[in-house]
Amino acid sequence: MSPWEALAVFAAGIGAGTINTIVGSGTLITFPVLLATGLPPITANVSNALGLVPGSVSGAIGYRRELKGQKKRVLRLGAAALVGLLLASMYGGYFGAAQGVLYLSLMGLLLHDDLQRINAVKNILGALVNGVAAVFFLFVADFDWTAVLLIAVGSTIGGQLGAKVGRRLSPTVLRGVIIAVGVVAILQLTLK
């Protein structure tokens with residue numbers, strides 16, 4: 001990987017960590033960049049999944065205030081996410097693009113709570129699902145350590161940026177961002 005490619009992967013990691021914390025779909029930023037550096041698709045997917053885990057944890061830490069009083073909910077939904085009872089979790093573990101949008105949509109329909117509190121839970125679920133997938137990938141798949149480390153550092157920074165920005169969005173603006181990112185993700189996934 002050239003220095004310019006490394007910089008692009010690092011920057012994509014920051015962008016992905018930021019957008020994942022706010023709504024999700026950061027993979028739609030990092031995955032194409034990894035492919036552009038010449039990584040094969042499966043290696044790019046696995047490297048991306050491994051690299052984004054620290055960003056998910058960082059985003060969850062950034063939303064810790066909104067997690068207060070949600071211990072039972074996090075444990076209940078976290079257990080389901082870890083086991084993969086939910087289709088969104090299985091999808092997220094394989095290819096995380098729009099995983100956050102799916103979680104926000106499902107929880108927004110099923111839970112009666114503030115959207116920022118739901119977003120905080122989404123960040124925990126994303127960290128759990130991506131963490132389980134990452135552990136599995138470590139033993140069964142090829143990955144590129146340089147890409148993993150660049151995305152990990154970038155997404156960790158992005159997770160904190162995303163929490164700072166996302167927590168300031170009004171519910172109306174956050175819903176608009178969720179819809180916009182969801183539409184972009186659907187278009188990008190279906191038109192390729």
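How are H7 and H8 oriented to each other? In this predicted model, helix H7, spanning residues 99-110, packs against helix H8, spanning residues 115-140, at an angle of about 135°, and the two axes lie 10 Å apart. Angles over 145 degrees count as roughly antiparallel and those from 65 to 115 as roughly perpendicular; H7 and H8 are therefore oblique to each other. Their crossing is right-handed.

On the H7 side, the contact is formed by Gln-99, Gly-100, Tyr-103, Leu-104, Met-107 and Gly-108. The residues of H8 that meet them are Ile-118, Asn-119, Val-121, Lys-122, Leu-125, Gly-126, Val-129 and Asn-130. By residue class, the contact of H7 with H8 comprises 7 nonpolar, 6 polar and 1 charged.

Several residues of this contact recur in the interior of the model. The largest nonpolar core contains 22 residues, and those with the most contacts inside it are Val-23, Leu-77, Tyr-103, Met-107, Val-121, Leu-125 and Ile-178. Two or more residues of this core are given by each of helix H5 (71-83), H7, H8 and helix H10 (171-191). H8 supplies the largest share, 6 residues. A second, separate core has 11 residues, among them Ala-16, Phe-31, Leu-34 and Leu-150. In soluble globular proteins, nonpolar side chains tend to be buried together.

The surroundings of Val-121 were examined further. With residues up to four places away in sequence not counted, Val-121 touches Leu-67, Gln-70, Arg-73, Val-74, Leu-77 and Met-107. Of these partners, Leu-67 is found in helix H4, residues 64-67. Leu-67 has a relative accessibility of 18% and therefore counts as buried, the limit for this class being under 20%. Apart from residues up to four places away in sequence, Leu-67 touches Ala-60, Val-74, Ala-120, Val-121 and Ile-124. Val-74 is thus listed as a partner of Leu-67 and also of Val-121. The C-alpha atoms of Leu-67 and Thr-21 are 14 Å apart in space, while the two residues are 46 apart in sequence.

Another buried position is Ser-56, located in helix H3, residues 41-62. Ser-56 is classed as buried because its relative accessible area is 11%. Outside the residues up to four places away in sequence, Ser-56 touches Asn-123, Gly-126, Ala-127 and Asn-130. Of these, Gly-126 and Asn-130 also take part in the contact of H8 with H7.

Notes:
Residues numbered from 1 in each chain as written. Predicted model: local features only at pLDDT ≥ 70, side-chain atom pairs only at ≥ 80, totals over all residues. Heavy atoms only, no water. Axes fitted to C-alpha atoms, helices over the stretch in contact; angles between N-to-C directions. Helix = DSSP H or I, 4+ residues; strand = E, 2+ residues; numbered from the N terminus. Parallel < 35°, antiparallel > 145°, perpendicular 65-115°, else oblique. Left-handed = near helix turned anticlockwise from the far one by under 90°. Contact = heavy atoms within 4.5 Å. Nonpolar A, V, L, I, M, F, W, Y, C, P; charged D, E, K, R; others polar. Core = buried A, V, L, I, M, F, W, Y, C linked by side-chain atoms within 4.5 Å. Buried < 20%, exposed > 50% of the residue type's maximum accessible area, 1.4 Å probe, protein only.
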